[in-house]
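I set out to look up how charged side chains are paired in this structure. My notes are kept in the order of the look-ups.

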Amino acid sequence: MAVLELSNISKHFGAIQAVNDVSFSLEAGEVIGLMGDNGAGKSTLVKMIAGNFAPSEGTMRMDGEPLVMHHPVDARRHGIEIVHQDLALCNNLTAAANVFLGRELYRWFGPIRVLDYATMYRRSGEIFAELKSETRPRDLIRNMSGGQRQAVAIGRTRLSNPKVVLMDEPTAAISVRQVAEVLNLIKRLRDQGITVVLISHRMPDVFGVADRVIVLRRGTKVADKRIDQSSPEEVTGLITGAIEGV
C-alpha cells in the first residue's frame, strides 16, 4: 500500500490553473525527485501536501485513508514534514534549540517550569548521530555551514517520526562538499524507511539520490519514471517541452 496517494489533484487561484489533474503515489523508503521549470506548479503541489493549501479538486490518501488537511499542523499530525528552502532557523540559537523550536521540553520544580535543556541536548545529539552528521547540539546556527544547517532542519522533522519529508531545494547555494553532505542525509532518511520528496533544479542531485523522477510542466504531470529508465537529457527535454511526455 502506498504511503501517500494523490488522485486527480488540481488547484486554481481564480482564473489561474496552478496544478492540473496530477496523480501519483509514494512508497515507503522511496526518494522522489520533483522537477520542473519555474511556474511548473511544484511549489503549489508541495504546499497542498504540506497542508498550506486545500486542493480545488481531487483527493489525497495516507496509508489508504482519506487525507483532509486545513493547516500545516494537520500534515504534521499525519506524518508529513517539510524542510523549507530558507530552512526557517534562528541564527542566535543552538542546534538543539532549533530542533525543538516550538516543541520545547520543560521540567517542573514545584510551581516553576523551566526548559529541560539536558533532555533536548541529548535527544538532538541522538538525532544527529542517526543522521551521521557532525552537527553538535550546543553549536550556534550562525557558526554552521550550509550542510550542518540542513542537518538541523532535517533533524527537526525527526521529532515527529515522519512518514514523508518534503525538501524544497535543499542543495541551493551551498558548496560541492556540502551538497554531498545533504545528499547523504537524504539517503539516511530513506534507509530509515522515510519517504523523501526532493524538489530540485539540480539534475546531478536528483539522479544521484532519487529512485523516481516526476516532472511537471505548466501544472501538469508529464512524466513519472524510474531513474534507471531515464536520463538527464530526457528529463531536460520533458521540462522544456522538447519531449512531450505522457
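The entries below concern salt bridges and one buried acidic residue in a predicted model.

Entry 1, the overall search. I searched the whole structure and found 16 salt bridges.

Entry 2, helix α4. I looked up the partners of E126. E126 forms a salt bridge with R122, with 3.2 Å between the closest N and O atoms. Both residues lie in helix α4, four residues apart, which is about one turn of the helix. E126 also forms a salt bridge with R123, where the closest N and O atoms are 3.3 Å apart. R123 and E126 are three residues apart in helix α4, again about one turn. I noted the accessibilities: E126 is partly exposed at 33%, R122 is partly exposed at 48%, and R123 is partly exposed at 22%.

Entry 3, a pair linking distant parts of the chain. I found a salt bridge between the side chains of R217 and E244, at 3.9 Å from N to O. R217 lies in strand β11 and E244 in the segment after α8, 27 residues apart. R217 is buried, at 18% relative accessible area, whereas E244 is exposed, at 58%.

Entry 4, the network. I traced salt bridges with shared partners and found R122, R123, E126, E130 and R158 joined into one network.

Entry 5, D116. Where is D116 found? I located D116 in the loop between β8 and α4. D116 is buried and has no salt bridge. The nearest side chain of opposite charge is R107, 4.5 Å away, and a salt bridge requires nitrogen and oxygen within 4 Å. I also recorded that D116 touches L105, Y106 and R107, leaving aside residues up to four places away in sequence.

How values were computed:
Residues numbered from 1 in each chain as written. Predicted model: local features only at pLDDT ≥ 70, side-chain atom pairs only at ≥ 80, totals over all residues. Heavy atoms only, no water. Buried < 20%, exposed > 50% of the residue type's maximum accessible area, 1.4 Å probe, protein only. Lys, Arg positive; Asp, Glu negative; His and termini not counted. Contact = heavy atoms within 4.5 Å.
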